Amino acid sequence: PHFTDLVKEKIKLWYTSSKADISIVEVGGTIGDMENEAIVEAMRQLRQDFWYQNVFYVHLTYIPYLMASKELKTKPTQNSIKDLRSRWITPDMLICRADYEISEEILTKISYMTWVKKWLVIPAPTVDTIYRIPLDYQKHGLAAKMLDHLWLEKKEHTLKNRENLYHHIIKATKEIHIAMIGKYVWLEDAYYSLNEAIKIAWFYHDYKVKLIFIEAETLNWDNIQEKLGLMHGVCLPWWFGKRWIEGMILAAQYAREHKIPYLWICLWSQIMAIEFARNVLWYSDATSEEFDELWISQHHVIHIMETQKSVIKKWWSMRLGSFDCILRNWSKVEEIYKGFSGNNLNKSTIKNSLIISERHRHRYEFNNFYRKEFENHGFMISGTSPDDNLVEMVELIDHPFMIASQAHPELQSRP
């Protein structure tokens, strides 16, 4: 019981501290998974703690399609709900996933066999884009039905922004190719937030984005022209460690010299600095302390801050969470953020500069010992911490679009 009590305590803490009207708790996996049993039990107890009308159970279930008989089968859904009810949880609503359209006859059968009211059995067939799903749920009145159960006031709301995005998606006919170079490209979901942020940005310009995933270790001077020569842009997501770093530095050099637009996130802002130091400042051994454990290099343009060196455990010294960044006047980054309005942006009264707030997850920083030399050669420090001690964003002055961020702006990207 102490574990289930802890789960409930955490949920209640998040709910009360956020001051939200509704708290959404997602339980992953499948009913019957051994590792989920205690979590499911905690969900059951929540209804006892908060009373019936304050808890709403939504069960997501899958309806497979049998090619042999060309029909949707509801038996897995029936068994799933049977397993859930054996744990003393009766779902209030069903979301029924399927790869084909779900007929009214099938929905009626599911309702009859599971004791869930027909109007609370919501079809969720596969659609052309995930950004259509909120529109379909609104058509079925999903939010209104939940509010009815929770005895909350139903307010007028629209999904105009979502409708506008979907309009652009179906309107997009032109295609743009972006190279996504990384370490975990064999699993596209590893960079899902960044992938979708890029796609959404281009949808608003009526372009479809084709992401070309390239493993960094495969890049060399013999094939880089073939792999990157026809790309409209290059994006480098994040990772930890020194594996395949030389392939990334090569990609940075190629994109810089051939004026290919590219965006660098987290570690790759550091790679951008290393490449610039090697091939523009001619520090051939330039690298990061993270990659030079034996301290062979004389030029660590990326290093760990002095205040963090005494921290023995690596993850304790990371910058995690949201941090403010002051953008440099007349920089490309400032121009981009000026055209944006959101929760992470406000106008500063200090030097009439923009202050943004983005999420971080990194340990190493730009070495300020080299800062002046970098800037004298066209490497602009376009964003810094409020005390001007930490480099947050950089760009090249003589490049059409070569921007890197220590932070993860894709995590606050919204349609």
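In this predicted model, Tyr-191 belongs to the loop that runs between β6 (174-182) and α8 (192-203). With a relative accessible area of 1%, Tyr-191 is buried, since the cut-off for that class is under 20%. Along the sequence Tyr-191 and Met-180 are separated by 11 residues, and in space their C-alpha atoms are 9.3 Å apart.

**The chain as a whole**

The chain contains 13 helices and 18 strands, and its C-alpha atoms fill a box of roughly 75 × 50 × 45 Å along the principal axes. Of the 415 residues in the chain, 47% are buried, a class to which Tyr-191, at 1%, also belongs. Among the contacts with a separation of 6 or more, 69% are accounted for by residues 24 or more positions apart. The accessible surface of the chain comes to about 23,700 Å², and carbon and sulfur atoms contribute 56% of that area.

**Strands β16, β17 and β18**

Strand β17 (residues 391-396) pairs with two strands, β16 and β18. With strand β16 (residues 379-384), β17 runs antiparallel and is joined through five bridges; within this pairing, Thr-384 stands opposite Val-391 of β17. The hairpin of β16 and β17 has six residues between the strands, and Asp-388 adopts a positive phi near 65° in this hairpin.

With strand β18 (residues 402-405), β17 again pairs in the antiparallel sense, here over three bridges, and Glu-395 has Ile-403 of β18 as its bridge partner. These two strands also form a hairpin, with five residues between them. Strand β17 is itself mostly covered, given that six of its six residues are buried. In a regular strand the side chains alternate between the two faces of the sheet. For β17, the burial of six of its six residues therefore includes residues at alternating positions along the strand.

**Salt bridges**

How many salt bridges does the structure contain? The count comes to 18, and three of these pairs are set out below with the distance between their N and O atoms.

| Basic residue | Acidic residue | N to O distance |
|---|---|---|
| Arg-87 | Glu-37 | 2.9 Å |
| Arg-47 | Asp-92 | 2.7 Å |
| Arg-256 | Glu-257 | 3.7 Å |

The salt bridge between Arg-87 and Glu-37, at 2.9 Å from N to O, links distant parts of the chain, with Arg-87 in the loop between α3 (75-85) and β4 (93-98), Glu-37 in helix α2, and their positions 50 residues apart. Both partners are partly exposed, Arg-87 with a relative accessible area of 22% and Glu-37 at 30% relative accessibility.

In the salt bridge of Arg-47 with Asp-92, the closest N and O atoms are 2.7 Å apart. Because Arg-47 lies in helix α2 and Asp-92 in the loop between α3 and β4, this pair ties together parts that are 45 residues apart in sequence. Here the partners are buried, with relative accessibilities of 15% for Arg-47 and 9% for Asp-92.

The side chains of Arg-256 and Glu-257 also meet in a salt bridge, at 3.7 Å from N to O; Arg-256 counts as buried at 14% relative accessibility, whereas Glu-257, at 41%, counts as partly exposed. Elsewhere, salt bridges that share partners join Asp-5, Lys-8, Lys-12 and Asp-49 into one network.

**Cysteines and a nonpolar patch**

A disulfide is a covalent bond between the sulfur atoms of two cysteines. The structure holds zero disulfides. As for the surroundings of individual cysteines, Cys-235 is buried with a relative accessible area of 3%, and Cys-325 is likewise buried, with a value of 4%.

Which residues make the nonpolar surface patch of about 300 Å²? The patch is made by Ile-22, Ile-24 and Leu-152. Of these, Ile-22 is placed in the loop between α1 (2-18) and α2 (37-50), and because its relative accessibility is 42%, Ile-22 counts as partly exposed.

Key:
Residues are numbered from 1 along each chain as its sequence is written. This is a predicted model: local features need pLDDT of at least 70, side-chain atom pairs count only at pLDDT 80 or more; totals for chains, interfaces and linings use all residues. Side-chain values use heavy atoms; hydrogens and water are left out. Patches are made of residues with over 30% relative accessible area and no salt bridge: like charges are joined within 9 Å, nonpolar side chains (Val, Leu, Ile, Met, Phe, Trp, Tyr) within 5 Å. Accessible areas come from the Shrake-Rupley method with a 1.4 Å probe; for residues, only the protein chains shown count as cover. A salt bridge is a side-chain nitrogen of Lys or Arg within 4 Å of a carboxyl oxygen of Asp or Glu. Helices (H or I, at least four residues) and strands (E, at least two) are DSSP runs, numbered from the N terminus. Buried means under 20% relative accessible area, exposed over 50%, partly exposed in between (1.4 Å probe, protein chains only). Two strands pair if DSSP finds at least two bridges between them. A disulfide is a pair of cysteine sulfur atoms within 2.5 Å. Contact means heavy atoms within 4.5 Å.
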